[in-house]
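Please open the model in your viewer and keep the selection panel at hand. The tour goes from one selection to the next and says what is to be found at each stop.

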Amino acid sequence: MSTDTVEPKRFEGMGRFVGPVGVFVLFIGFWYFTHHVLMSGPKKPLVPVPHDVVSDSFLTWNIERGAGGSRTGGGLVKLLEGLFESVQVAALGLAIAIALGFALATLMSQAKWVQNALWPFLIALQAMPILAFVPLIGTVIGFNFKARVMVCIIIAIFPIVANTLFGLLSVDRGYHELMTLNGASRMTRLVKLQFPAAMPSIFTGLQISAGLSVVGAVVGDFFFRQGEPGLGRLINLYQNSTAYEQMYGAVVMSALLGIAVFVMFGWIGNRIVGSWHEKRSS
Amino acid sequence: MSVTQEHALEFKNLSMVFPDGTHALDDVSLSIERGEFVTVVGPSGCGKSTLLRIASGLETHTGGECNVDRDSIGYVFQDATLFPWRTVRKNVELIAELHGVGSATMAPRVDESLELVGLKEHEVKYPRQLSGGMKMRASLARSLVLQPDVFLFDEPFGALDEISRERLNDELLSLFKTKNFAGLFITHSIAEAVFLSTRVLVMSARPGRIVADYEVPFGYPRSHEIRYDAAFAELSGKISNDLRGAHP
(Lines give C-alpha, C1' and ligand atoms only; values in the text may rest on other atoms or scores of the structure.)
Protein backbone atom coordinates (compact mmCIF):
# COMPACT_ATOMS: atom_id res chain seq x y z
CA MET A 1 0.00 0.00 0.00
CA SER A 2 2.74 2.43 0.96
CA THR A 3 4.87 1.91 -2.15
CA ASP A 4 1.84 2.43 -4.36
CA THR A 5 0.86 5.72 -2.84
CA VAL A 6 4.22 7.38 -2.24
CA GLU A 7 5.35 7.63 -5.87
CA PRO A 8 2.33 9.42 -7.34
CA LYS A 9 2.36 11.80 -4.38
CA ARG A 10 5.95 12.80 -5.00
CA PHE A 11 5.14 13.43 -8.64
CA GLU A 12 2.12 15.44 -7.64
CA GLY A 13 4.36 17.51 -5.32
CA MET A 14 6.58 18.42 -8.27
CA GLY A 15 3.56 19.11 -10.45
CA ARG A 16 2.24 21.55 -7.91
CA PHE A 17 5.18 23.85 -8.60
CA VAL A 18 5.71 23.21 -12.29
CA GLY A 19 2.23 24.47 -13.17
CA PRO A 20 2.24 27.85 -11.41
CA VAL A 21 5.88 28.56 -12.32
CA GLY A 22 5.08 27.83 -15.96
CA VAL A 23 2.10 30.18 -15.93
CA PHE A 24 4.20 32.86 -14.22
CA VAL A 25 6.91 32.57 -16.88
CA LEU A 26 4.25 32.83 -19.59
CA PHE A 27 2.80 35.89 -17.90
CA ILE A 28 6.17 37.66 -17.68
CA GLY A 29 6.86 36.69 -21.28
CA PHE A 30 3.58 38.19 -22.37
CA TRP A 31 4.46 41.36 -20.44
CA TYR A 32 7.73 41.75 -22.39
CA PHE A 33 5.88 40.89 -25.59
CA THR A 34 3.33 43.63 -24.87
CA HIS A 35 6.09 46.18 -24.30
CA HIS A 36 8.22 45.28 -27.30
CA VAL A 37 5.60 44.27 -29.86
CA LEU A 38 2.09 45.39 -28.98
CA MET A 39 2.97 48.86 -27.70
CA SER A 40 4.41 51.06 -30.39
CA GLY A 41 6.27 54.33 -30.23
CA PRO A 42 4.81 56.82 -27.77
CA LYS A 43 2.72 54.13 -26.06
CA LYS A 44 5.74 52.09 -24.98
CA PRO A 45 6.20 53.87 -21.60
CA LEU A 46 2.64 52.87 -20.65
CA VAL A 47 3.82 49.29 -20.22
CA PRO A 48 7.32 49.44 -18.77
CA VAL A 49 9.30 46.21 -18.81
CA PRO A 50 9.23 44.10 -15.64
CA HIS A 51 12.93 44.52 -14.83
CA ASP A 52 12.53 48.34 -14.87
CA VAL A 53 9.54 48.08 -12.55
CA VAL A 54 11.49 45.88 -10.16
CA SER A 55 14.63 48.01 -10.20
CA ASP A 56 12.81 51.37 -9.89
CA SER A 57 10.22 50.39 -7.30
CA PHE A 58 11.75 47.58 -5.32
CA LEU A 59 15.52 47.78 -5.69
CA THR A 60 15.75 51.57 -5.33
CA TRP A 61 15.28 52.61 -1.74
CA ASN A 62 14.21 56.21 -2.18
CA ILE A 63 13.79 58.63 -5.07
CA GLU A 64 13.46 62.14 -3.68
CA ARG A 65 10.78 64.28 -5.16
CA GLY A 66 12.34 66.36 -7.91
CA ALA A 67 15.40 64.15 -8.20
CA GLY A 68 16.12 63.37 -11.87
CA GLY A 69 12.95 65.19 -12.91
CA SER A 70 10.65 63.00 -10.83
CA ARG A 71 7.49 64.85 -9.88
CA THR A 72 6.39 62.35 -7.30
CA GLY A 73 9.49 60.73 -5.95
CA GLY A 74 9.29 56.93 -5.52
CA GLY A 75 11.23 53.86 -4.59
CA LEU A 76 10.70 51.13 -2.08
CA VAL A 77 10.38 53.40 0.96
CA LYS A 78 7.27 55.09 -0.49
CA LEU A 79 5.78 51.68 -1.26
CA LEU A 80 6.46 50.49 2.26
CA GLU A 81 4.86 53.60 3.73
CA GLY A 82 1.82 53.07 1.51
CA LEU A 83 1.80 49.39 2.42
CA PHE A 84 1.89 50.22 6.13
CA GLU A 85 -1.05 52.60 5.75
CA SER A 86 -3.09 50.11 3.71
CA VAL A 87 -2.32 47.28 6.12
CA GLN A 88 -3.65 49.39 8.97
CA VAL A 89 -6.88 50.12 7.12
CA ALA A 90 -7.34 46.50 5.99
CA ALA A 91 -6.47 45.04 9.40
CA LEU A 92 -8.79 47.30 11.35
CA GLY A 93 -11.60 46.83 8.81
CA LEU A 94 -11.13 43.07 8.85
CA ALA A 95 -11.01 42.92 12.65
CA ILE A 96 -14.27 44.83 12.94
CA ALA A 97 -15.86 42.75 10.16
CA ILE A 98 -14.82 39.55 11.96
CA ALA A 99 -16.18 40.66 15.33
CA LEU A 100 -19.42 41.95 13.83
CA GLY A 101 -19.78 39.03 11.44
CA PHE A 102 -19.25 36.48 14.20
CA ALA A 103 -21.78 38.18 16.44
CA LEU A 104 -24.36 38.35 13.64
CA ALA A 105 -23.85 34.75 12.56
CA THR A 106 -24.09 33.54 16.16
CA LEU A 107 -27.32 35.47 16.71
CA MET A 108 -28.75 34.19 13.45
CA SER A 109 -27.87 30.61 14.34
CA GLN A 110 -29.91 30.82 17.51
CA ALA A 111 -33.32 31.55 16.04
CA LYS A 112 -34.81 31.09 12.62
CA TRP A 113 -36.67 34.40 12.84
CA VAL A 114 -33.48 36.36 13.50
CA GLN A 115 -31.95 34.69 10.49
CA ASN A 116 -34.98 35.50 8.34
CA ALA A 117 -35.00 39.08 9.56
CA LEU A 118 -31.33 39.80 8.87
CA TRP A 119 -30.53 37.73 5.81
CA PRO A 120 -32.15 39.98 3.14
CA PHE A 121 -30.17 42.96 4.39
CA LEU A 122 -26.90 41.12 4.32
CA ILE A 123 -27.64 40.05 0.76
CA ALA A 124 -28.48 43.65 -0.09
CA LEU A 125 -25.24 44.86 1.46
CA GLN A 126 -23.34 42.25 -0.51
CA ALA A 127 -25.15 42.90 -3.78
CA MET A 128 -24.95 46.68 -3.66
CA PRO A 129 -21.96 48.06 -5.55
CA ILE A 130 -19.55 49.64 -3.11
CA LEU A 131 -19.32 52.71 -5.36
CA ALA A 132 -22.95 53.47 -4.56
CA PHE A 133 -22.00 53.88 -0.92
CA VAL A 134 -19.16 56.30 -1.62
CA PRO A 135 -21.06 59.59 -1.49
CA LEU A 136 -23.01 58.37 1.52
CA ILE A 137 -19.96 57.31 3.49
CA GLY A 138 -18.11 60.48 2.52
CA THR A 139 -20.93 62.73 3.65
CA VAL A 140 -21.59 60.94 6.91
CA ILE A 141 -18.12 59.85 8.01
CA GLY A 142 -15.82 62.10 6.02
CA PHE A 143 -13.13 61.32 3.46
CA ASN A 144 -10.57 60.02 5.91
CA PHE A 145 -9.13 56.87 7.50
CA LYS A 146 -12.48 55.97 9.07
CA ALA A 147 -14.22 56.02 5.71
CA ARG A 148 -11.60 53.69 4.23
CA VAL A 149 -12.05 51.30 7.16
CA MET A 150 -15.80 51.44 6.58
CA VAL A 151 -15.36 50.33 2.98
CA CYS A 152 -13.31 47.36 4.20
CA ILE A 153 -15.98 46.35 6.69
CA ILE A 154 -18.75 46.55 4.12
CA ILE A 155 -17.01 44.41 1.57
CA ALA A 156 -15.43 41.93 3.99
CA ILE A 157 -18.32 41.13 6.29
CA PHE A 158 -20.53 38.98 4.09
CA PRO A 159 -18.29 35.94 3.62
CA ILE A 160 -17.66 35.85 7.36
CA VAL A 161 -21.35 35.88 8.25
CA ALA A 162 -22.32 33.46 5.49
CA ASN A 163 -19.58 30.91 6.17
CA THR A 164 -19.83 31.09 9.95
CA LEU A 165 -23.59 30.70 9.84
CA PHE A 166 -23.34 27.84 7.38
CA GLY A 167 -20.79 26.12 9.63
CA LEU A 168 -22.85 26.62 12.78
CA LEU A 169 -26.00 25.28 11.15
CA SER A 170 -24.63 22.30 9.28
CA VAL A 171 -23.77 20.17 12.29
CA ASP A 172 -25.25 16.68 11.83
CA ARG A 173 -28.37 15.86 13.79
CA GLY A 174 -26.68 12.97 15.59
CA TYR A 175 -24.24 15.34 17.29
CA HIS A 176 -27.06 17.60 18.38
CA GLU A 177 -28.92 14.62 19.80
CA LEU A 178 -25.86 13.60 21.75
CA MET A 179 -25.81 17.08 23.28
CA THR A 180 -29.57 16.98 23.94
CA LEU A 181 -29.32 13.59 25.64
CA ASN A 182 -26.72 14.96 27.99
CA GLY A 183 -28.63 18.07 28.90
CA ALA A 184 -26.37 20.58 27.16
CA SER A 185 -27.50 24.21 27.28
CA ARG A 186 -27.52 26.43 24.18
CA MET A 187 -24.27 27.97 25.29
CA THR A 188 -22.56 24.62 25.86
CA ARG A 189 -23.84 23.43 22.52
CA LEU A 190 -22.40 26.49 20.80
CA VAL A 191 -19.04 26.34 22.52
CA LYS A 192 -18.42 22.61 22.58
CA LEU A 193 -20.12 21.57 19.35
CA GLN A 194 -21.13 24.24 16.88
CA PHE A 195 -18.11 26.55 16.94
CA PRO A 196 -15.49 23.81 16.69
CA ALA A 197 -17.52 22.10 13.96
CA ALA A 198 -17.79 25.39 12.09
CA MET A 199 -14.04 26.09 12.18
CA PRO A 200 -13.16 24.79 8.69
CA SER A 201 -16.00 26.79 7.20
CA ILE A 202 -15.14 29.87 9.28
CA PHE A 203 -11.58 29.79 8.00
CA THR A 204 -12.78 29.55 4.42
CA GLY A 205 -14.78 32.71 5.07
CA LEU A 206 -11.89 34.43 6.82
CA GLN A 207 -9.58 33.72 3.94
CA ILE A 208 -11.98 35.26 1.43
CA SER A 209 -12.73 38.23 3.68
CA ALA A 210 -9.08 38.91 4.39
CA GLY A 211 -8.45 39.19 0.65
CA LEU A 212 -11.48 41.43 0.25
CA SER A 213 -10.33 43.71 3.06
CA VAL A 214 -7.15 44.38 1.07
CA VAL A 215 -9.27 45.16 -1.96
CA GLY A 216 -11.32 47.49 0.24
CA ALA A 217 -8.26 49.26 1.57
CA VAL A 218 -6.82 49.88 -1.91
CA VAL A 219 -10.14 50.82 -3.50
CA GLY A 220 -11.10 53.06 -0.57
CA ASP A 221 -7.95 55.07 -1.24
CA PHE A 222 -9.32 56.17 -4.58
CA PHE A 223 -12.36 57.83 -3.06
CA PHE A 224 -11.31 58.88 0.41
CA ARG A 225 -8.07 60.75 0.07
CA GLN A 226 -7.52 62.56 3.33
CA GLY A 227 -4.66 61.51 5.56
CA GLU A 228 -1.61 59.39 4.83
CA PRO A 229 -1.57 57.89 1.31
CA GLY A 230 -2.05 54.14 1.09
CA LEU A 231 -1.22 51.91 -1.87
CA GLY A 232 -4.33 52.96 -3.78
CA ARG A 233 -3.41 56.62 -3.46
CA LEU A 234 0.11 55.88 -4.65
CA ILE A 235 -1.21 54.07 -7.73
CA ASN A 236 -3.41 57.06 -8.45
CA LEU A 237 -0.65 59.58 -7.81
CA TYR A 238 1.92 57.79 -9.99
CA GLN A 239 -0.65 57.39 -12.74
CA ASN A 240 -1.48 61.10 -12.75
CA SER A 241 2.19 62.03 -13.02
CA THR A 242 2.91 59.34 -15.65
CA ALA A 243 5.45 57.63 -13.35
CA TYR A 244 4.52 54.27 -14.83
CA GLU A 245 7.40 52.21 -13.42
CA GLN A 246 6.38 53.42 -9.94
CA MET A 247 2.70 52.83 -10.66
CA TYR A 248 3.29 49.23 -11.70
CA GLY A 249 5.38 48.76 -8.59
CA ALA A 250 2.50 49.93 -6.41
CA VAL A 251 0.11 47.60 -8.24
CA VAL A 252 2.48 44.67 -7.69
CA MET A 253 2.80 45.61 -4.01
CA SER A 254 -1.02 45.60 -3.63
CA ALA A 255 -1.17 42.19 -5.25
CA LEU A 256 1.58 40.89 -2.93
CA LEU A 257 -0.33 42.18 0.08
CA GLY A 258 -3.49 40.42 -1.05
CA ILE A 259 -1.64 37.18 -1.67
CA ALA A 260 0.24 37.40 1.63
CA VAL A 261 -2.99 37.85 3.57
CA PHE A 262 -4.68 35.00 1.72
CA VAL A 263 -1.76 32.65 2.36
CA MET A 264 -1.48 33.72 5.97
CA PHE A 265 -5.10 32.92 6.77
CA GLY A 266 -4.85 29.64 4.91
CA TRP A 267 -1.83 28.77 7.01
CA ILE A 268 -3.49 29.73 10.29
CA GLY A 269 -6.54 27.70 9.28
CA ASN A 270 -4.38 24.68 8.57
CA ARG A 271 -2.59 25.05 11.88
CA ILE A 272 -5.86 25.13 13.76
CA VAL A 273 -8.04 22.57 11.99
CA GLY A 274 -5.49 20.66 9.90
CA SER A 275 -4.89 18.05 12.60
CA TRP A 276 -8.46 16.81 12.47
CA HIS A 277 -10.21 18.08 9.36
CA GLU A 278 -10.00 15.52 6.56
CA LYS A 279 -10.24 17.95 3.66
CA ARG A 280 -7.67 20.37 4.95
CA SER A 281 -4.85 18.02 5.77
CA SER A 282 -3.17 16.39 2.80
CA MET B 1 -31.57 7.18 41.04
CA SER B 2 -33.96 9.31 43.09
CA VAL B 3 -37.06 7.38 42.10
CA THR B 4 -37.19 3.81 43.32
CA GLN B 5 -38.08 1.82 40.27
CA GLU B 6 -39.26 -1.69 39.90
CA HIS B 7 -37.47 -2.14 36.62
CA ALA B 8 -34.38 -0.60 35.09
CA LEU B 9 -36.48 0.21 32.01
CA GLU B 10 -40.19 -0.26 31.54
CA PHE B 11 -42.63 0.44 28.71
CA LYS B 12 -46.34 0.01 29.52
CA ASN B 13 -48.81 -0.06 26.60
CA LEU B 14 -46.57 2.42 24.86
CA SER B 15 -47.78 3.95 21.63
CA MET B 16 -46.38 6.62 19.40
CA VAL B 17 -48.06 8.60 16.66
CA PHE B 18 -45.90 11.28 15.04
CA PRO B 19 -47.40 14.70 14.27
CA ASP B 20 -47.48 13.77 10.57
CA GLY B 21 -49.79 10.86 11.41
CA THR B 22 -47.19 8.09 11.18
CA HIS B 23 -48.21 5.41 13.62
CA ALA B 24 -44.82 4.12 14.77
CA LEU B 25 -45.54 2.05 17.85
CA ASP B 26 -48.66 0.38 19.11
CA ASP B 27 -49.22 -1.02 22.59
CA VAL B 28 -45.66 -2.03 23.35
CA SER B 29 -45.13 -3.43 26.82
CA LEU B 30 -41.71 -4.49 27.93
CA SER B 31 -39.59 -4.39 31.04
CA ILE B 32 -35.86 -4.92 31.35
CA GLU B 33 -33.83 -5.52 34.50
CA ARG B 34 -30.17 -5.04 35.18
CA GLY B 35 -28.33 -8.09 33.94
CA GLU B 36 -30.77 -8.51 31.07
CA PHE B 37 -29.86 -7.89 27.48
CA VAL B 38 -32.89 -7.54 25.25
CA THR B 39 -32.62 -7.23 21.50
CA VAL B 40 -35.36 -6.07 19.18
CA VAL B 41 -35.36 -7.20 15.56
CA GLY B 42 -37.89 -6.14 12.99
CA PRO B 43 -38.42 -4.89 9.46
CA SER B 44 -36.90 -1.52 8.48
CA GLY B 45 -38.96 1.43 9.59
CA CYS B 46 -41.00 -0.58 12.09
CA GLY B 47 -40.30 1.79 14.96
CA LYS B 48 -37.47 -0.07 16.68
CA SER B 49 -35.34 3.05 16.86
CA THR B 50 -38.31 5.10 18.00
CA LEU B 51 -38.46 2.83 21.02
CA LEU B 52 -34.92 3.86 21.97
CA ARG B 53 -35.58 7.50 21.20
CA ILE B 54 -38.56 7.44 23.56
CA ALA B 55 -36.59 5.67 26.28
CA SER B 56 -33.85 8.28 26.07
CA GLY B 57 -36.23 11.22 25.95
CA LEU B 58 -35.35 12.32 22.40
CA GLU B 59 -39.01 11.74 21.47
CA THR B 60 -42.08 11.91 23.67
CA HIS B 61 -44.54 9.04 23.36
CA THR B 62 -48.20 9.77 22.72
CA GLY B 63 -49.71 6.99 24.80
CA GLY B 64 -48.86 4.62 27.63
CA GLU B 65 -45.94 4.88 30.00
CA CYS B 66 -42.17 4.88 29.83
CA ASN B 67 -40.33 4.51 33.12
CA VAL B 68 -36.60 4.86 33.25
CA ASP B 69 -34.03 6.91 35.11
CA ARG B 70 -32.91 9.32 32.37
CA ASP B 71 -29.77 10.27 34.26
CA SER B 72 -28.48 6.78 34.00
CA ILE B 73 -28.77 6.02 30.32
CA GLY B 74 -25.97 5.26 27.92
CA TYR B 75 -26.97 5.73 24.27
CA VAL B 76 -24.85 4.30 21.48
CA PHE B 77 -25.84 5.65 18.09
CA GLN B 78 -25.72 4.06 14.67
CA ASP B 79 -22.84 6.40 13.84
CA ALA B 80 -20.01 6.77 16.30
CA THR B 81 -20.71 10.56 16.44
CA LEU B 82 -17.19 11.26 17.65
CA PHE B 83 -16.14 14.90 17.53
CA PRO B 84 -13.45 15.00 14.84
CA TRP B 85 -11.57 17.83 16.56
CA ARG B 86 -11.19 15.90 19.79
CA THR B 87 -8.75 13.08 20.35
CA VAL B 88 -10.11 9.71 21.41
CA ARG B 89 -9.50 10.55 25.05
CA LYS B 90 -11.12 13.97 24.76
CA ASN B 91 -14.10 12.36 23.08
CA VAL B 92 -14.48 9.91 25.91
CA GLU B 93 -14.32 12.80 28.37
CA LEU B 94 -17.12 14.66 26.57
CA ILE B 95 -20.19 13.21 28.24
CA ALA B 96 -18.61 13.35 31.67
CA GLU B 97 -17.73 16.98 30.94
CA LEU B 98 -21.33 17.74 29.98
CA HIS B 99 -22.50 16.27 33.25
CA GLY B 100 -20.06 18.38 35.20
CA VAL B 101 -17.90 15.53 36.44
CA GLY B 102 -14.74 17.08 37.87
CA SER B 103 -11.44 16.19 36.26
CA ALA B 104 -10.19 14.43 39.38
CA THR B 105 -13.08 11.95 39.30
CA MET B 106 -13.07 11.84 35.54
CA ALA B 107 -9.49 10.80 34.81
CA PRO B 108 -9.60 7.31 36.40
CA ARG B 109 -13.02 6.61 34.89
CA VAL B 110 -11.84 7.65 31.44
CA ASP B 111 -8.79 5.43 31.84
CA GLU B 112 -10.98 2.52 32.86
CA SER B 113 -13.38 3.00 29.95
CA LEU B 114 -10.57 3.26 27.45
CA GLU B 115 -8.98 0.11 28.83
CA LEU B 116 -12.28 -1.77 28.75
CA VAL B 117 -12.65 -1.15 25.03
CA GLY B 118 -8.94 -1.61 24.32
CA LEU B 119 -8.24 1.93 23.14
CA LYS B 120 -5.86 3.07 25.86
CA GLU B 121 -2.85 3.18 23.56
CA HIS B 122 -4.81 5.02 20.87
CA GLU B 123 -6.12 7.74 23.14
CA VAL B 124 -4.16 10.55 21.50
CA LYS B 125 -5.39 9.74 18.00
CA TYR B 126 -8.03 11.71 16.16
CA PRO B 127 -11.17 9.92 14.92
CA ARG B 128 -10.08 10.17 11.29
CA GLN B 129 -7.09 7.98 12.16
CA LEU B 130 -9.34 5.18 13.47
CA SER B 131 -11.01 2.26 11.71
CA GLY B 132 -14.79 1.90 11.86
CA GLY B 133 -14.56 -0.65 14.65
CA MET B 134 -12.24 1.53 16.71
CA LYS B 135 -14.58 4.50 16.27
CA MET B 136 -17.43 2.40 17.62
CA ARG B 137 -15.26 1.31 20.56
CA ALA B 138 -14.50 4.94 21.36
CA SER B 139 -18.21 5.70 21.19
CA LEU B 140 -18.87 2.84 23.64
CA ALA B 141 -16.16 4.08 25.97
CA ARG B 142 -17.72 7.54 25.93
CA SER B 143 -21.03 6.11 27.18
CA LEU B 144 -19.30 3.93 29.76
CA VAL B 145 -17.76 6.87 31.59
CA LEU B 146 -21.01 7.76 33.33
CA GLN B 147 -21.46 4.11 34.38
CA PRO B 148 -25.10 3.95 33.28
CA ASP B 149 -27.56 1.32 34.49
CA VAL B 150 -29.34 1.23 31.17
CA PHE B 151 -27.65 0.97 27.80
CA LEU B 152 -29.49 1.69 24.55
CA PHE B 153 -27.86 0.50 21.33
CA ASP B 154 -29.24 1.68 18.00
CA GLU B 155 -27.73 -0.71 15.43
CA PRO B 156 -24.24 0.29 16.50
CA PHE B 157 -22.36 -2.30 14.47
CA GLY B 158 -24.48 -2.18 11.32
CA ALA B 159 -21.81 -0.46 9.25
CA LEU B 160 -18.95 -2.75 10.24
CA ASP B 161 -17.56 -5.72 8.34
CA GLU B 162 -18.41 -9.19 9.61
CA ILE B 163 -15.16 -9.82 11.48
CA SER B 164 -15.10 -6.47 13.28
CA ARG B 165 -18.74 -6.92 14.13
CA GLU B 166 -18.18 -10.33 15.71
CA ARG B 167 -15.19 -9.07 17.62
CA LEU B 168 -17.18 -6.13 18.95
CA ASN B 169 -20.01 -8.50 19.86
CA ASP B 170 -17.55 -10.47 21.99
CA GLU B 171 -16.29 -7.32 23.63
CA LEU B 172 -19.76 -5.97 24.25
CA LEU B 173 -20.68 -9.23 25.98
CA SER B 174 -17.72 -9.06 28.29
CA LEU B 175 -18.60 -5.43 29.06
CA PHE B 176 -22.14 -6.54 29.79
CA LYS B 177 -20.90 -9.18 32.18
CA THR B 178 -18.53 -6.77 33.97
CA LYS B 179 -20.96 -3.88 34.26
CA ASN B 180 -24.19 -5.84 34.56
CA PHE B 181 -26.26 -3.08 32.98
CA ALA B 182 -29.72 -3.44 31.42
CA GLY B 183 -29.29 -3.52 27.66
CA LEU B 184 -31.76 -2.72 24.91
CA PHE B 185 -30.24 -3.43 21.53
CA ILE B 186 -31.60 -2.83 18.02
CA THR B 187 -30.24 -4.75 15.07
CA HIS B 188 -31.06 -6.23 11.68
CA SER B 189 -28.83 -9.22 12.23
CA ILE B 190 -30.51 -12.27 13.73
CA ALA B 191 -27.16 -13.89 14.53
CA GLU B 192 -26.08 -10.80 16.42
CA ALA B 193 -29.37 -10.70 18.29
CA VAL B 194 -29.17 -14.32 19.42
CA PHE B 195 -25.49 -14.16 20.21
CA LEU B 196 -25.75 -11.13 22.48
CA SER B 197 -29.07 -11.39 24.20
CA THR B 198 -30.86 -12.95 27.08
CA ARG B 199 -34.09 -12.20 25.20
CA VAL B 200 -34.95 -11.51 21.60
CA LEU B 201 -38.13 -9.67 20.61
CA VAL B 202 -39.56 -9.57 17.11
CA MET B 203 -41.39 -6.44 16.11
CA SER B 204 -44.02 -6.21 13.36
CA ALA B 205 -44.06 -3.72 10.52
CA ARG B 206 -45.56 -0.31 11.29
CA PRO B 207 -47.28 0.28 13.61
CA GLY B 208 -44.67 -1.69 15.53
CA ARG B 209 -45.82 -4.17 18.12
CA ILE B 210 -44.07 -7.09 19.69
CA VAL B 211 -45.12 -10.26 17.92
CA ALA B 212 -42.68 -12.78 19.38
CA ASP B 213 -40.56 -13.04 22.48
CA TYR B 214 -37.78 -15.63 22.87
CA GLU B 215 -35.61 -16.48 25.84
CA VAL B 216 -32.12 -17.30 24.65
CA PRO B 217 -31.10 -20.58 26.28
CA PHE B 218 -27.36 -19.91 26.50
CA GLY B 219 -25.52 -18.81 29.62
CA TYR B 220 -22.58 -16.41 29.82
CA PRO B 221 -19.73 -16.22 29.05
CA ARG B 222 -20.47 -17.16 25.46
CA SER B 223 -17.74 -18.18 23.10
CA HIS B 224 -18.15 -17.23 19.49
CA GLU B 225 -18.47 -20.95 18.70
CA ILE B 226 -22.03 -21.04 19.95
CA ARG B 227 -22.87 -19.46 16.61
CA TYR B 228 -22.42 -22.93 15.11
CA ASP B 229 -24.46 -24.71 17.78
CA ALA B 230 -27.63 -26.54 16.69
CA ALA B 231 -29.76 -24.76 19.29
CA PHE B 232 -28.42 -21.43 18.04
CA ALA B 233 -29.42 -22.33 14.49
CA GLU B 234 -32.85 -23.50 15.57
CA LEU B 235 -33.61 -20.30 17.46
CA SER B 236 -32.29 -18.20 14.61
CA GLY B 237 -34.57 -20.13 12.27
CA LYS B 238 -37.62 -19.42 14.39
CA ILE B 239 -36.82 -15.72 14.61
CA SER B 240 -36.23 -15.62 10.90
CA ASN B 241 -39.65 -17.17 10.28
CA ASP B 242 -41.31 -14.65 12.55
CA LEU B 243 -39.53 -11.84 10.75
CA ARG B 244 -40.86 -13.08 7.41
CA GLY B 245 -44.32 -13.01 8.90
CA ALA B 246 -43.69 -9.54 10.27
CA HIS B 247 -42.90 -8.07 6.87
CA PRO B 248 -45.95 -6.55 5.25
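**The three-stranded sheet of chain B**

Begin by selecting β1(B) together with strand β4 (residues 63-68) of chain B, which pair in the antiparallel sense over 5 bridges; helices (H or I, at least four residues) and strands (E, at least two) are DSSP runs numbered from the N terminus, and two strands pair if DSSP finds at least two bridges between them. This is a predicted model, in which local features need pLDDT of at least 70 and side-chain atom pairs count only at pLDDT 80 or more, while totals for chains, interfaces and linings use all residues. Residues are numbered from 1 along each chain as its sequence is written, and chains are lettered from A and ligands numbered from 1 in the order in which they are written.

Within this pair, B:K12 stands opposite B:E65 in β4(B), and B:E10 has B:N67 in β4(B) as its bridge partner. Keep B:E10 selected and add β2(B), where B:S31 stands opposite B:E10. Strand β1 (residues 9-17) of chain B and strand β2 (residues 23-32) of chain B are joined in the antiparallel sense by 6 bridges. They form a hairpin with 5 residues between them, and B:G21 in the turn has a positive phi of about 95°.

Showing the three strands together gives an open sheet with the order β2-β1-β4 (chain B) and antiparallel pairing. Its edge strands are β2 and β4 of chain B, each of which pairs on one side only. From one strand to the next the twist averages 20°, where axes are lines fitted to C-alpha atoms, for helices over the stretch in contact, and angles run from 0 to 180 degrees between N-to-C directions. In a regular strand the side chains alternate between the two faces of the sheet.

**The six-stranded sheet of chain B**

Next, select the open sheet of 6 strands, whose order is β5-β6-β7-β3-β8-β9 (chain B) and whose pairing is mixed. At its edges are β5 (73-76) and β9 (210-215) of chain B, each pairing on one side only. Neighbouring strands of this sheet are turned by 15° against each other on average, direction ignored.

Inside this sheet, strand β6 (residues 150-154) of chain B and strand β7 (residues 182-186) of chain B run parallel and are joined by 5 bridges. A residue to label here is B:F151, which stands opposite B:G183 in β7(B).

**Helices α4 and α5 of chain B**

Now add helix α4 (residues 132-144) of chain B, which lies across β5 and β6 of chain B and runs at about 165° to β5(B). Then add helix α5 (residues 162-179) of chain B, which packs with α4(B) at an angle of about 25°, the axes being 10 Å apart. The two helices α4(B) and α5(B) are therefore roughly parallel to each other, a description that applies to angles under 35 degrees.

To see where they touch, select B:G132, B:G133 and B:M136 in α4(B), which meet B:S164, B:R167 and B:L168 in α5(B); two residues are in contact if their C-beta atoms, placed from the backbone, lie within 7 Å. The residues of this contact divide into 2 nonpolar, 3 polar and 1 charged, with Ala, Val, Leu, Ile, Met, Phe, Trp, Tyr, Cys and Pro counted as nonpolar, Asp, Glu, Lys and Arg as charged, and the others, Gly among them, as polar.

**Chain B as a whole**

Zoom out to chain B, which has 7 helices and 9 strands. The radius of gyration of chain B is 18 Å, close to the 18 Å that the globule rule gives for 248 residues, so chain B is as compact as a globular protein of that length; the radius is taken over C-alpha atoms, and the rule is 2.2 Å times the number of residues to the power 0.38. Along the principal axes, the C-alpha atoms of chain B fill a box of roughly 50 × 40 × 35 Å.

**Across to chain A**

Show both chains and select their contact, which takes 15 residues from chain A and 14 residues from chain B. On the side of chain A that touches chain B, α7 (173-181) and α8 of chain A each supply at least two residues, and α7(A) gives the most, with 6 residues. By class, this side of chain A has 6 nonpolar, 7 polar and 2 charged residues.

For the last stop, select A:V218, A:V219, A:G220, A:D221 and A:F222 in α8(A), which meet A:L231, A:G232, A:R233 and A:N236 in α9(A).

Technical notes:
Parallel < 35°, antiparallel > 145°, perpendicular 65-115°, else oblique.
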